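Please have a look at the chain on the screen. I will go through the sheet, then the helices, then a few single residues.

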Amino acid sequence: MLLEDEQATERLGRMIANRLRQGDVVALYGDLGAGKTTLARGILRGLGLNGDAPSPTFAIVQPYDDLQVPVWHIDLYRIEDPSELAQLGLEEAKAEAALLIEWPEQLGRDLWPDALRLTLGRDGKGGRFLTARVPPAWEARWPPR
């Protein structure tokens, strides 16, 4: 899927928000600057966030409990040791919220098999492309409209 610019990336996020449910995991893959946070912001805004959505790079977890669907926006970029992941309480969070996870590679085999896996990359013309690995839990909801 081609995303011509940042606005198109955010629009896609808003469409995904219309399909997002409590307990869902959206795994966002891509290099630095690929658009992972932009897509996550679109999802958050689509769920009713009116304010700023800072990147959780330093906080690692940014919860949003007051949206149509509660969300944890998670950035695992700074995780250095797998033992740090257990301290985040992601399994418990998944029971109560949807999870948007940047740098899900850090989870390795612990990434849930029902996660929607979205990979963003640059197209070389100022836009981005997105590829999706869609698990059975998302088949009826993908592509978003």
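Which residue in E5 stands opposite isoleucine 74? Isoleucine 101 does. Before I go on, some housekeeping. The model is predicted, so to speak of local features we need pLDDT of at least 70, side-chain atom pairs count only at pLDDT 80 or more, and totals for chains, interfaces and linings use all residues. Residues are numbered from 1 along each chain as its sequence is written, and side-chain values use heavy atoms, with hydrogens and water left out.

A word on names. Helices (H or I, at least four residues) and strands (E, at least two) are DSSP runs, numbered from the N terminus. Two strands pair if DSSP finds at least two bridges between them.

Now the sheet. Seven strands make up an open sheet with mixed pairing, and the order is E1-E7-E6-E2-E5-E4-E3. E1 and strand E3, residues 61–64, are the edge strands, each pairing on one side only.

Start at E3. Its partner is E4, and the two are antiparallel, with four bridges. Tyrosine 64 is opposite valine 71 in E4. Together E3 and E4 make a hairpin, with six residues between them. On to E5: E4 and E5 are parallel and share five bridges. The isoleucine pair from my opening question, 74 and 101, belongs to E4 and E5. Further along, strand E2, residues 25–29, runs parallel to E6, and four bridges join them. There, valine 26 faces leucine 116 in E6.

Is E4 mostly covered or mostly open? E4 is mostly covered, with five of its five residues buried. Buried means under 20% relative accessible area, exposed means over 50%, and partly exposed is in between, using a 1.4 Å probe and protein chains only. Val71, His73 and Asp75 point one way from E4, while Trp72 and Ile74 point the other way, and all are buried.

Next, the helices. H2 lies across E2, E3, strand E4 (71–75), strand E5 (98–102), E6 and E7. The angle between H2 and E5 is about 165°. For such angles, axes are lines fitted to C-alpha atoms, for helices over the stretch in contact, and angles run from 0 to 180 degrees between N-to-C directions.

Helix H1 covers residues 6–17, and its end C-alpha atoms are 17 Å apart. Why does that agree with a helix of 12 residues? Because at 1.5 Å a residue the expected span is 16 Å; that span is 1.5 Å times one less than the number of residues. The buried residues of H1 are Ala8, Thr9, Glu10, Leu12, Gly13, Ile16 and Ala17. Among what covers them are strand E1 (2–3), helix H2 (36–46), strand E6 (116–122) and strand E7 (128–133). Contact here means heavy atoms within 4.5 Å. Aspartate 5 caps the N-terminal end of H1, with a side-chain oxygen 3.2 Å from the backbone nitrogen of glutamine 7.

Now the aromatic rings. How many aromatic pairs does the structure hold? One. Tyrosine 77 and tryptophan 103 form that pair, which is tilted, at 4.9 Å centre to centre and 50° between the planes. The rule is that rings of Phe, Tyr and Trp (its six-membered ring) pair if their centres lie within 6.5 Å; planes under 30 degrees apart are stacked, over 60 edge-to-face, and the rest tilted. The pair links distant parts of the chain, 26 residues apart: tyrosine 77 is in the loop between E4 and helix H3 (83–86), and tryptophan 103 is in the loop between E5 and E6. Tyrosine 77 counts as partly exposed because its relative accessible area is 41%. Tryptophan 103, at 15%, counts as buried.

Tryptophan 103 also has a positive phi, near 60°, although it is a residue other than glycine. Isoleucine 60, also not a glycine, has a positive phi of about 75°. Isoleucine 60 sits in the loop between H2 and E3, and its relative accessibility is 13%, so it counts as buried.

Last, the segment after E7. Alanine 140 is there, and it is exposed because its relative accessible area is 76%. The C-alpha atoms of alanine 140 and arginine 19 are separated by 9.5 Å, with their positions 121 residues apart along the chain. Proline 143 is also in the segment after E7, and the peptide bond leading to it from tryptophan 142 is cis, with omega near 0°.

Key
A polar contact is a pair of N or O atoms within 3.5 Å; within protein, one must be able to donate a hydrogen and the other to accept it, and residues adjacent in sequence count only if both atoms are side-chain atoms.
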